[in-house]
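Hi,

Here is the structure I promised to pass on. Have a look at it first, and then read on for what turned up.

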Amino acid sequence: MTIAPLHIRRAVLGDAAALARIMGHPDVLPNLMQTPYTSEALWQARLTDMLALGKPDLMLVVERPDDHGEPQVVASAGLHPAGAALRRRHAMVLGISVLPEAQGQGVGTALMQALCDWADRWGQVLRLELSVFADNARAIALYQRCGFLREGLHIGFALRDGQYVDSVSMARMHPNPPRWSPGA
Ligand SMILES: CC(C)(COP(=O)(O)OP(=O)(O)OC[C@H]1O[C@@H](n2cnc3c(N)ncnc32)[C@H](O)[C@@H]1OP(=O)(O)O)[C@@H](O)C(=O)NCCC(=O)NCCS
């Protein structure tokens, strides 16, 4: 199978429609904490907030050429502050979603690598954390491949299509925290 080249870049306001399309997709949305009837306007508001100067959020998108060679956004992933507390500044929360037609082709892996690289080498992040529904085996496998460990089970964590379902909390600690190199 030939995989089209991937281009990873930071999201811009103009990606709002694409993010609504990806995260509102009926096969993607149930695995996220989003609610139905998302919209471009909602994502414009969220992106406006995330992209404001000084905000630590990192929102990436993946583009690849469609059948006509035009770049199409097929996935997104982000890192967001774990909270406002000063002593939690070393932690960020990760989220990711890939359009069904682009899944199973390495897009999620490429995005995870980009986020981990940013966290480890640029973002001053020591702890990446996330919450994933306990039955989302593909996502859990991807996270484990990227160095995330299971930390615990949350019973009846969230309502999903009429049922309270469990989630797993996972975290990845920086594998080699940066040090000061005097004189370097
Ligand atoms: C979970 C999710 C992000 C994974 O993204 P993805 O792009 O499918 O992930 P990848 O393609 O990198 O890896 C998934 C599989 O493809 C395989 N793969 C990786 N690179 C590949 C390539 N170049 N060619 C073919 N297959 C490949 C991987 O081995 C992996 O196999 P497996 O999971 O079947 O064992 C995606 O399925 C998704 O968005 N799901 C819905 C939303 C969701 O669950 N988000 C997470 C919420 S916590």
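Let's begin with one residue: in which helix is the place of Arg 145? Arg 145 sits in helix α4. Keep in mind throughout that this is a predicted model. Arg 145 counts as exposed, because it has 11 C-beta neighbours inside 10 Å and a residue with 12 or fewer is put in that class. Try finding Thr 109 from there: Arg 145 and Thr 109 are 36 residues apart along the chain, and their C-alpha atoms are separated by 8.8 Å.

Now set that beside another pair. Pro 65 and Leu 29 are also 36 residues apart along the chain, but here the C-alpha atoms are separated by 24 Å. Pro 65 belongs to strand β2. It counts as partly exposed, because 13 C-beta neighbours lie inside 10 Å. If you skip its neighbours within four places in sequence, Pro 65 is in contact with Ala 4, Glu 70 and Pro 71.

Stepping back to the whole chain, you'll find 4 helices and 7 strands. Their order along the sequence is β-α-α-β-β-β-α-β-α-β-β. The C-alpha trace spans about 50 × 40 × 35 Å along its principal axes. The radius of gyration is 17 Å, which agrees with the value near 16 Å for a compact globule of 184 residues. Buried residues make up 26% of the 184. Looking at contacts between residues at least 6 apart in sequence, 59% of them join residues at least 24 apart.

Next, the ligand. There are 20 residues around the ligand, and those that come nearest are Asn 31, Gln 103, Gly 106, Gly 108 and Thr 109. By class, this shell has 10 nonpolar, 9 polar and 1 charged residues. β4 (91–98), α3 (107–121) and α4 (137–145) each supply at least two residues of the shell. Which element gives the largest share of the shell? That is α4, with 4 residues.

α3 deserves a longer look. It has 15 residues and reaches 21 Å from its first C-alpha to its last, close to the 21 Å expected at 1.5 Å a residue. Its buried residues are Val 107, Gly 108, Leu 111, Met 112, Leu 115, Cys 116 and Ala 119. Seen down the axis of α3, these buried residues fall within an arc of 160 degrees, so they line one face of the helix. On the other side of α3 you'll see Asp 117 and Arg 121, which are exposed. What do the buried residues of α3 pack against? Their partners are β1 (7–10), β2 (58–65), β3 (71–81), β4, β5 (127–133) and α4. Gly 108 is worth marking in your viewer, as it is one of the buried residues of α3 and also among those that come nearest the ligand.

Finally, there is α1 (residues 16–23). Of its 8 residues, 6 are buried, so α1 is largely enclosed by the rest of the structure. The buried ones are Ala 16, Ala 18, Leu 19, Ala 20, Ile 22 and Met 23. Their cover includes α2 (40–50), β2, β3 and β4.

Over to you now.

Cheers

Methods. Residues are numbered from 1 along each chain as its sequence is written. This is a predicted model: local features need pLDDT of at least 70, side-chain atom pairs count only at pLDDT 80 or more; totals for chains, interfaces and linings use all residues. The radius of gyration is taken over C-alpha atoms; the globule rule is 2.2 Å times the number of residues to the power 0.38. A residue is buried if 20 or more other C-beta atoms lie within 10 Å of its own, exposed if 12 or fewer, and partly exposed in between; C-beta atoms are placed from the backbone. Two residues are in contact if their C-beta atoms, placed from the backbone, lie within 7 Å. A residue is near a molecule or strand if its C-beta atom, placed from the backbone, lies within 6 Å of it. Ala, Val, Leu, Ile, Met, Phe, Trp, Tyr, Cys and Pro count as nonpolar, Asp, Glu, Lys and Arg as charged, and the others, Gly among them, as polar. The expected span of a helix is 1.5 Å times one less than its number of residues. The arc is that of the directions from the helix axis to the C-beta atoms.
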